[in-house]
Amino acid sequence: MYRTNLILVAFVLMTLFCSCQENFDKSLQREAREFTEKQCPQEVEEGTMLDSLVYSPASHTLTHYYSVNHANERVLKDQTPLLHHILVQRTANDIVYKSVKDEDVTFKYVYYSQSKKTIVYETQVGPHEYK
């Protein structure tokens, strides 16, 4: 999942820095939207689909929306205490997001049940955690 996320996000970041006319927030918002339109949904690991990326300039938050199958839904529920820690470590170690992290963006992760369409797990990783 981590390697796939690197590839997915590389597209967003490469285009982000090519647009010198836009400010950071507008550029990241546009790139997240374009990435979603062109690359999503995309299976990032068996049973987990990245459905969209959404950047909110108002909250300075980049949200990753995932949908998970029943088996992964159970894993997420069983491992809830560990999930936040894993996502903090991934975000902190992710060099693809370096320039985004330099802007103190908060990363939000939302996992939905594919069958029930309800939130299974949701968390945020802020600059105080990944820096």
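The pLDDT is the predictor's confidence in each residue, on a scale from 0 to 100. The exercises below concern a predicted model.

**Exercise 1. Determine which element of the protein has the lowest mean pLDDT and which has the highest.**

Solution. Begin with the protein as a whole: its mean pLDDT is 88, and 84% of its residues reach 70 or more. Next, consider the individual elements. Helix α1 (residues 2-18) has the lowest mean value, 49, whereas β3 has the highest, 98. Finally, apply a general caution: where pLDDT is low, the predicted coordinates should not be read in detail.

**Exercise 2. State the order of the strands in the open sheet and identify those at its edges.**

Solution. The sheet is built from five strands, arranged as β1-β2-β3-β4-β5, with mixed pairing. The edge positions belong to β1 (42-45) and β5 (119-125); each has a single partner strand, so one side of each lacks a neighbour in the sheet. From one strand to the next, the twist averages 30 degrees.

**Exercise 3. Establish in which sense, parallel or antiparallel, β3 pairs with β2 and with β4.**

Solution. As background, strands of a sheet pair through backbone hydrogen bonds, either parallel or antiparallel. Take β2 first: the pairing of β2 and β3 is antiparallel and extends over eight bridges. One bridge partnership joins Ser-52 to Tyr-65 in β3. These two strands form a hairpin with four residues between them, and His-60 in the turn has a positive phi of about 55 degrees.

Now turn to β4. Strand β3 (residues 61-68) pairs with β4 (residues 106-113) in the parallel sense, over eight bridges. Along this pairing, Leu-62 stands opposite Phe-107 in β4, and Val-68 has Ser-113 in β4 as its bridge partner.

**Exercise 4. Describe how helices α2 and α4 are placed relative to the strands.**

Solution. Helix α2 (residues 24-39) lies across β1, β2 (48-56) and β3, and runs at about 155 degrees to β2. Helix α4 (residues 80-93) packs on the sheet and touches β4 and β5; the angle between its direction and that of β5 is about 40 degrees.

**Exercise 5. Identify the residues with the most contacts inside the largest nonpolar core, and the element that supplies its largest share.**

Solution. In general, nonpolar side chains of soluble globular proteins tend to be buried together. Here the largest nonpolar core has 26 residues, and Phe-107 and Tyr-111 have the most contacts inside it. At least two residues of this core come from each of α2, β2, β3, α4, β4 and β5. The largest share is that of α2, with four residues. Setting aside residues up to four places away in sequence, Phe-107 touches several others, including Leu-62, Tyr-97, Val-100, Thr-123 and Tyr-130.

**Exercise 6. Decide whether Tyr-66 and Thr-123 are buried or exposed.**

Solution. The criterion is that a buried residue has under 20% relative accessible area. Tyr-66 lies in β3; its relative accessibility is 1%, so Tyr-66 counts as buried. This strand has seven of its eight residues buried, and is therefore largely enclosed by the rest of the structure.

Thr-123 belongs to strand β5. Its relative accessible area is 11%, so Thr-123 is also buried. The side chain of Thr-123 makes a polar contact with the side chain of His-84, at 2.6 Å. Beyond its neighbours within four places in sequence, Thr-123 is in contact with His-84, Leu-87, Phe-107, Lys-108 and Tyr-109.

Notes: Residues are numbered from 1 along each chain as its sequence is written. This is a predicted model: local features need pLDDT of at least 70, side-chain atom pairs count only at pLDDT 80 or more; totals for chains, interfaces and linings use all residues. Side-chain values use heavy atoms; hydrogens and water are left out. Two strands pair if DSSP finds at least two bridges between them. Axes are lines fitted to C-alpha atoms, for helices over the stretch in contact, and angles run from 0 to 180 degrees between N-to-C directions. Contact means heavy atoms within 4.5 Å. A nonpolar core is a set of buried Ala, Val, Leu, Ile, Met, Phe, Trp, Tyr and Cys residues joined through side-chain atoms within 4.5 Å. Buried means under 20% relative accessible area, exposed over 50%, partly exposed in between (1.4 Å probe, protein chains only). A polar contact is a pair of N or O atoms within 3.5 Å; within protein, one must be able to donate a hydrogen and the other to accept it, and residues adjacent in sequence count only if both atoms are side-chain atoms.
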